[in-house]
Amino acid sequence: MGKLFNKMYIGNPKKSDLTKEQVDNIDPLKLFITVFQVRGLKLILLNLMYCFFLIPMAVNVYLALLGYLDEPQFATLIPYIYAALPCMLIATPGKLGFTNVLMRWAADEHAWLWSDFWEGIKKNWKQGLLLTVTNYLIFLFLIFVAWFYVAMANAEDPNMISAFAPYVYYLILGVILVFMMISIYTFPLSQKYKFKFKYIYKYSFMLCVRKFLPTFLAVVLSGLAIYGLVYVAAMYFIWLLLVVPVIGFSLYYLVMYIIVGRSFKNFVFLPER
C-alpha cells in the first residue's frame, strides 16, 4: 500500500523525466496524460489549496443562485456582482500560486507543491491584484452595457436606440467573449515574464489572435461545462457546486496551460523570470 501511494504522489521512480526537447515535441494529449499520471495526487492537493481561496466566491455564487431561482431577473444579481470584487481579490493569491505551480507542471518542469505555490504569490501579488481589479471593472462595464441594450430592446415605446439595441447587444456579447479569451493569457504572462502592466493585455491580445481557435474552443467548452454544472446543481444536486471544482479545476487549467505554454514557445521570445 505504501508503494502505491508513493507512486501516486511522486510518479514512477523507474521512469526517467522527459527532456526539454521531448516536451517541446510531445503531443499535447500525451503530455496531459503524462502529467496526470505522474502528478495525479498532487493535482488534487493543488486544487484543494486553490479552492481554499475560492470559498468566499463559492458562497457568493451560491447565494446569487438561490436569489435568482427565487426571483429570476437580472436586478436580483446586481448586489452579488458588486460583492464579487472582494471575493475575487481574496481568490487572487490562490490563483497566482496555482498558476505558478501548474504552468511548471504543464511544461514538465520541476515545481515543489508548497514552496512554489507561495513563491508564486510572493513574487507577483501586486500585479495580480491590479489584474484582478482591471478585469473586474472591464467585465462590469460590459455586463451593464449589455443589460442596458437588452432593456432598450424590450422597451414599450420603440425609438431609434431600441431598433438597433439587439444588434448592439450581440456585439457586446462578442466583445465579452473576446475579452474572456484574452484573460486566459493575462495571469500566465504575468507569472512567467517580467512585463509592465500595459504590455500584459497587449501581448495577451496578440496571443489570443495567434491561437484564436483553441482559445475560442476552450472558453466556449468551459462556459458550457460551468452552465451544465450550475444547471444540474440547481435542479438536482446542489453539493456538486463544491465537489466538481475540487476535482476539475486543475484538469481544465492543465489543458489550458499546455496550450498557453505552446503559444509562449512559438510567439514569445523573452527571458523567463
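**A tour from the α6/α7 pair to the nonpolar cores**

In this predicted model, begin by selecting α6 and α7, which are roughly antiparallel to each other. Their axes come within 6 Å and cross at roughly 150 degrees, and since angles over 145 degrees count as roughly antiparallel, the description follows from that crossing angle. Looking along the pair, you will find that α6 passes α7 in a right-handed crossing. If you then colour the contact of α6 with α7 by residue class, it shows 24 nonpolar, eight polar and four charged residues.

Next, select the largest nonpolar core, which has 40 residues; those with the most contacts inside it are Leu46, Phe98, Leu102, Trp105, Phe117, Tyr185 and Tyr257. To see where this core draws its residues from, display α4 (40-53), α6 (74-106), α7 (113-153), α8 (160-192), α9 (197-210), α10 (212-235) and α11 (240-267), the elements that each give two or more residues to it. Among these, α6 gives the most, with eight residues. A second, separate core of six residues can be selected afterwards, and it includes Met57, Ile81, Tyr136 and Leu140.

For the last stop, move to helix α8 and pick Phe164, which has its place there. Is Phe164 buried, exposed or something in between? Its relative accessible area is 49%, and because only values over 50% count as exposed and those under 20% as buried, Phe164 is partly exposed. From there, draw a distance to Ala153, eleven residues away along the chain: the C-alpha atoms of Phe164 and Ala153 are separated by 7.8 Å.

Notes:
Residues numbered from 1 in each chain as written. Predicted model: local features only at pLDDT ≥ 70, side-chain atom pairs only at ≥ 80, totals over all residues. Heavy atoms only, no water. Core = buried A, V, L, I, M, F, W, Y, C linked by side-chain atoms within 4.5 Å. Buried < 20%, exposed > 50% of the residue type's maximum accessible area, 1.4 Å probe, protein only. Helix = DSSP H or I, 4+ residues; strand = E, 2+ residues; numbered from the N terminus. Axes fitted to C-alpha atoms, helices over the stretch in contact; angles between N-to-C directions. Parallel < 35°, antiparallel > 145°, perpendicular 65-115°, else oblique. Left-handed = near helix turned anticlockwise from the far one by under 90°. Nonpolar A, V, L, I, M, F, W, Y, C, P; charged D, E, K, R; others polar.
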